Amino acid sequence: METTSRAGAAGAPAGEAVGAEGSAPPGASGARRPVDGYVQASFPWYGLDDAFTGRRWLMQVGTAADGTVEHGSTGHGTEPNLRSGRPDRAASPSAAQRFSVVVTVASRPVRRSADGTGVLEATSVSSAAWLAGAGLLSYTWPDRMERALRQNWLDQQTALAWELADHLDEAPWSTLSLPVDGVSTDFRYRESEYGWVLAGSAQGGEVHIGAYGRGMSAYGMGFSMIGDITAYADRAA
């Protein structure tokens, strides 16, 4: 399963790779939403289909060492602005937040690294599941935990998300069929106390799709190719 290094991605915000475009956390209030990386991608981006009429916004792209765009995320709903605790904690400002994030991962074969010194694994549905799982964690870590313990918690949960992404055919994953460009598509789906994660592939296999969210049910969602990614940047204002 290839994304970025496991250790490097552990602390990356919202499931984005180390070296992702933009320095501000994607959930930070007022964070810049650069569209350049999105328009430079050689693959199509996906988001929720037109049945979703709420707010849409850009997050960040992840790039390879040579600057090639490999993946990125689009947000829908209430943009999280605080990495906070469990969703059942009434005092948490994030308790009422309703959002879903769609992660698009370019389908890549096994290939040489940019510097020619190694080989990169092929991307897969597991890659999308890992990025989505790590992204969910970035918005749900315990806010009332001492900093060192919180980092330990995040490391442990990130390792678990990595392990789960490598075993999509086993529990707690189940199958959820959702439309992608109007065609029913099987996704691998799991829930936790922090939210839900799903992953699958678009028709034709050009990209893999991951998604995560909280407060918005994944059941009944649909995904579609984004015709004009700059519209997301315009609607983020």
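# Worked exercises on a predicted model

Arg 55 is partly exposed, with a relative accessible area of 33%; here buried means under 20% relative accessible area, exposed over 50%, and partly exposed in between (1.4 Å probe, protein chains only). The model is predicted: local features need pLDDT of at least 70 and side-chain atom pairs count only at pLDDT 80 or more, while totals for chains, interfaces and linings use all residues. Residues are numbered from 1 along each chain as its sequence is written, and side-chain values use heavy atoms, with hydrogens and water left out.

## Exercise 1: The overall picture

Task: describe the secondary structure, burial and surface of the protein.

Solution.
- Step 1. The protein has five helices and eleven strands. These are DSSP runs numbered from the N terminus (helices: H or I, at least four residues; strands: E, at least two).
- Step 2. Of the 237 residues, 52% are buried.
- Step 3. About 10,400 Å² is exposed, and carbon and sulfur atoms supply 51% of this area (Shrake-Rupley method, 1.4 Å probe; for residues, only the protein chains shown count as cover).
- Step 4. Now take the contacts (heavy atoms within 4.5 Å). Among those between residues at least 6 apart in sequence, 64% join residues at least 24 apart.

## Exercise 2: Pairs of opposite charge

Task: how many salt bridges are there, and which parts of the chain do they link?

Solution.
- Step 1. Start from the general idea: side chains of opposite charge can pair when their charged atoms come close. The rule used here asks for a side-chain nitrogen of Lys or Arg within 4 Å of a carboxyl oxygen of Asp or Glu, and it gives two salt bridges.
- Step 2. One of them joins Arg 55 and Glu 79, at 3.2 Å from N to O. Arg 55 sits in the loop between strands E1 (46-48) and E2 (56-63), and Glu 79 in the loop between E3 (69-77) and E4 (99-106), so the pair ties together parts that are 24 residues apart in sequence. Glu 79, at 17% relative accessibility, is buried.
- Step 3. Arg 108 and Glu 70 also form a salt bridge, with their closest N and O atoms 3.0 Å apart. This pair links distant parts of the chain, 38 residues apart: Arg 108 belongs to the loop between E4 and strand E5 (111-112), and Glu 70 to strand E3.
- Step 4. Check the burial of this pair: Arg 108 is buried at 17% relative accessibility, and Glu 70 is buried at 12%.
- Step 5. Beyond four places in sequence, the contacts of Glu 70 include Phe 43, Thr 104, Arg 108 and Arg 111.

## Exercise 3: Two helices

Task: compare the span of H4 and of H3 with expectation, then look at burial.

Solution.
- Step 1. The expected span is 1.5 Å times one less than the number of residues. For the 19 residues of H4 (residues 147-165) this gives 27 Å, and the end C-alpha atoms are 27 Å apart, which agrees.
- Step 2. The 14 residues of H3 reach 20 Å from first to last C-alpha, close to the 20 Å expected.
- Step 3. In H4 the buried residues include Arg 150, Trp 153, Trp 162 and Leu 164. H3 is mostly covered, with 13 of its 14 residues buried.
- Step 4. At the start of H3, a side-chain oxygen of Ser 124 comes within 3.2 Å of the backbone nitrogen of Ser 126.

## Exercise 4: The nonpolar core

Task: which residues of the largest nonpolar core touch the most other members?

Solution.
- Step 1. Such a core is a set of buried Ala, Val, Leu, Ile, Met, Phe, Trp, Tyr and Cys residues joined through side-chain atoms within 4.5 Å.
- Step 2. The largest has 58 residues, and Trp 45, Leu 198, Tyr 212 and Phe 223 touch the most other members. Helix H3 (residues 125-138) contributes the largest share, eight residues.
- Step 3. Setting aside neighbours within four places in sequence, Trp 45 contacts, among others, Tyr 38, Val 61, His 71, Met 225 and Ile 229.

## Exercise 5: Backbone details

Task: where is the cis peptide bond, and which residue other than glycine has a positive phi near 55°?

Solution.
- Step 1. The cis peptide bond joins Ala 171 and Pro 172, with omega about 10°. Pro 172 lies in the loop between H4 and strand E7 (174-180).
- Step 2. Asp 181 has the positive phi, near 55°. Asp 181 is placed in the loop between E7 and strand E8 (183-192), and is partly exposed at 37% relative accessible area.
- Step 3. For a glycine, turn to Gly 77 in strand E3, which is buried at 13%. Its C-alpha atom is 9.0 Å from that of Phe 52, 25 residues away along the chain.

Note on methods. A polar contact is a pair of N or O atoms within 3.5 Å; within protein, one must be able to donate a hydrogen and the other to accept it, and residues adjacent in sequence count only if both atoms are side-chain atoms.
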